[in-house]
Amino acid sequence: MLLNPTFLKLNRIPLLMVLTSALLYWVFAYNLVRTDYIKLITLYSALFFLFYKLVQHFKSNIPFLTYLAFALRAIFILATPNLSQDFYRFIWDGRMIFEGFNPYLYTVESFINQGTFPVAQAQELREGMGPLNAGHYTNYPPVNQLCFVIAGLFAGKNILGSAIVLRLLIIAADFGTLHFGKKLLEQLNIPKHQIFWYILNPFIIIELTGNLHFEGVMIFFLVWSLYLLYSGKWLWSAVVLALSISVKLIPLIFLPLFFQWFINNKSKTSKGTPLKSPQDNNTNIHPSNALHKKTSKWIPAFAEMTRLIGFYSIVLITTIVLFLPFYSSEFINNYSQTVALWFQNFEFNASIYYVAREIGYLFRGYNEIAIIGKIIPIVVVLVTLIITFFRKNKTMVALITAMLFVLSFYYFTTTTVHPWYVATLLILSVFTKYKFPLVWSFVIILSYLAYVNLNKADKSENLWIIAVEYIIVYGVFIWEIFFKKPNVRLKQF
């Protein structure tokens, strides 16, 4: 049995750590105010330390870690998110669709300012999400909207009930990530316990289960897609990748990276067995036939390119089909404007961008976000193409590592890095030798202290706190890239 007397006797201290973790999570979920910064940092640091030690100790006991991961999530079931207001908008969008409205065509303020209340608890939802969120069009893709609709279906008149439904969907997605993540790790000959650096991480439990961010659902589809691709089921992999994109748009950045996987893996299973052309086994063709030799070389290349084009086509078509129910000319305009806000208007927890902004202030005297925000996507695309064509991304580990590098570069340069964004880096790192996302998942809590001077005259972010966060992240990143010996692995990993 999992908890037999011998097990209990041999693991008294670790089990005490489990109980302590459960207590601290309960305090975090039901007795924490976001602005209580000392309590926030203390709780999070303690939880991270306990998580780290528990994975170390029980890494050979996968069932125990699995039960623990979802028992800790269960603590949050009845909690109202205390670090994010976004879930109010999720509930609003779901109820809007349930009432027959297209959420992409209306802002929340467009109703409230006219004294119109299209959904139940409209005023409470508006107050909860705040004026910034209420003043913009929704930017959540269709599969994400489907999750919101499910919450509206089962709890259309109760905010906490809607939050519980959303939370159960995210927990279910974590089950899927655990399932396919373990299977992919096993096929890659990587220790299966590495998935728990994601699944058991307090950052993931708090930000996704606790604060209801749907990166968890996007990540589930992404990991499932990678597992299908490695298993040779590239058609279904493309469909599932489109589902991931239709939860959060971020996987779009990975699309160019699949080029070498299809071009260099010459087999139906894409695992390296050479794809034979029909002529390879035809002994009746004279070997001196130069035309035959030339033609036979092109057949595999044609097949590989066909699969690549097919993969991209399925991703594109599936994504378009999922958006079609919401299509209108207004939708295109509203959605593109909302997405552009993240590059040209919003600023939060950035790093390189803040340096560029200060240079702009020095030479121009004002914020250059409108210009820098247009340059960033171009630079990210160029770096992505360089990694696509000049880095060897032939194996699954190399492909995932390329994804990690591309997304890291994007987050290092973008204008806005909300804490939950790091979740995607963390899951990708599980399949690689790089651990800087694990470090980032710890120090990201500092971003919640960015406005520690909110009650003072200075309403801007505390850049000293942001600097501490990124000095640590960049320090580990640079060490792993340039100084860590290839054959050296930390024992705990």
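Hi everyone. Let's start at one residue: threonine 66, which sits in helix H4, residues 62–74. Please keep in mind throughout that this is a predicted model.

Is threonine 66 buried or exposed? Its relative accessible area is 16%, and since buried means under 20%, threonine 66 counts as buried. Who are its neighbours? If we set aside residues within four places in sequence, threonine 66 is in contact with Leu178 and Phe196. There is also a nice example here of the chain coming back to itself: threonine 66 and phenylalanine 175 are 109 residues apart in sequence, yet their C-alpha atoms are 9.1 Å apart in space.

That brings us to the partner helix. H4 packs with helix H9, residues 159–187, at an angle of about 160°, and the two axes are 11 Å apart. That angle makes H4 roughly antiparallel to H9. The crossing of H4 past H9 is right-handed. On the H4 side, the residues that meet H9 are Ile62, Thr66, Phe70 and Arg73, and on the H9 side they are Ile171, Asp174, Phe175, Leu178 and Lys182. By class, this contact divides into five nonpolar residues, one polar and three charged. So our starting residue, Thr66, is part of that helix contact.

Let me step back to the whole chain for a moment. It has 22 helices and zero strands. Of its 493 residues, 55% count as buried. And if you take the contacts in the chain with a separation of 6 or more, 76% of them are between residues 24 or more positions apart.

Now for helix H11, residues 202–210. How many of its residues are buried? Nine of nine, so the helix is mostly covered. They run through Pro202, Phe203, Ile204, Ile205, Ile206, Glu207, Leu208, Thr209 and Gly210. Both ends of H11 have something to look at. Asparagine 201 caps the N-terminal end, with a side-chain oxygen 2.9 Å from the backbone nitrogen of phenylalanine 203. Just after the helix, leucine 212 takes a positive phi of about 65°.

Within H11, I'd like to pick out leucine 208. Leucine 208 is buried, with a relative accessible area of 1%. Beyond its neighbours within four places in sequence, leucine 208 is in contact with Ile170, Tyr198, Phe203, His213, Glu215 and Gly216. Leucine 208 also has arginine 167 at 8.2 Å, C-alpha to C-alpha, although the two are 41 residues apart in sequence.

Moving along the chain, we reach H12, residues 215–230, and H13, residues 234–245. Their axes come within 8 Å and cross at roughly 165°. H12 and H13 are therefore roughly antiparallel to each other. H12 passes H13 in a left-handed crossing. H12 brings Met218, Phe221, Leu222, Trp224, Ser225, Leu228 and Leu229 to the contact, while H13 brings Trp234, Trp236, Ser237, Val240, Leu241, Leu243 and Ser244. What classes do these residues fall into? Eleven are nonpolar, three are polar and none is charged.

Here is another helix pair to set beside that one. Helix H5, residues 86–98, and helix H7, residues 122–134, pack at an angle of about 115°, with their axes 8 Å apart. Their crossing is left-handed. In H5, the residues involved are Asp86, Tyr88, Arg89, Ile91, Trp92 and Arg95, and they meet Ala122, Glu124, Leu125, Gly128, Met129, Asn133 and Ala134 in H7. This contact has seven nonpolar, two polar and four charged residues.

My last stop is also in H7: arginine 126. Where does its side chain find a polar partner? The side chains of arginine 126 and glutamate 109 are joined by a polar contact of 3.0 Å. Arginine 126 counts as buried, at 18% relative accessibility. Apart from neighbours within four places in sequence, its contacts are Val108, Glu109, Ile112, Pro131 and Ala134.

To recap, we began with the buried threonine 66, passed through the mostly covered helix H11, and finished at arginine 126 with its polar contact to glutamate 109. Thanks for listening!

Technical notes: Residues are numbered from 1 along each chain as its sequence is written. This is a predicted model: local features need pLDDT of at least 70, side-chain atom pairs count only at pLDDT 80 or more; totals for chains, interfaces and linings use all residues. Side-chain values use heavy atoms; hydrogens and water are left out. Buried means under 20% relative accessible area, exposed over 50%, partly exposed in between (1.4 Å probe, protein chains only). Helices (H or I, at least four residues) and strands (E, at least two) are DSSP runs, numbered from the N terminus. A polar contact is a pair of N or O atoms within 3.5 Å; within protein, one must be able to donate a hydrogen and the other to accept it, and residues adjacent in sequence count only if both atoms are side-chain atoms. Axes are lines fitted to C-alpha atoms, for helices over the stretch in contact, and angles run from 0 to 180 degrees between N-to-C directions. Angles under 35 degrees count as roughly parallel, over 145 as roughly antiparallel, 65 to 115 as roughly perpendicular and the rest as oblique. A crossing is left-handed if the near helix is turned anticlockwise from the far one by less than a right angle, and right-handed if clockwise. Contact means heavy atoms within 4.5 Å. Ala, Val, Leu, Ile, Met, Phe, Trp, Tyr, Cys and Pro count as nonpolar, Asp, Glu, Lys and Arg as charged, and the others, Gly among them, as polar.
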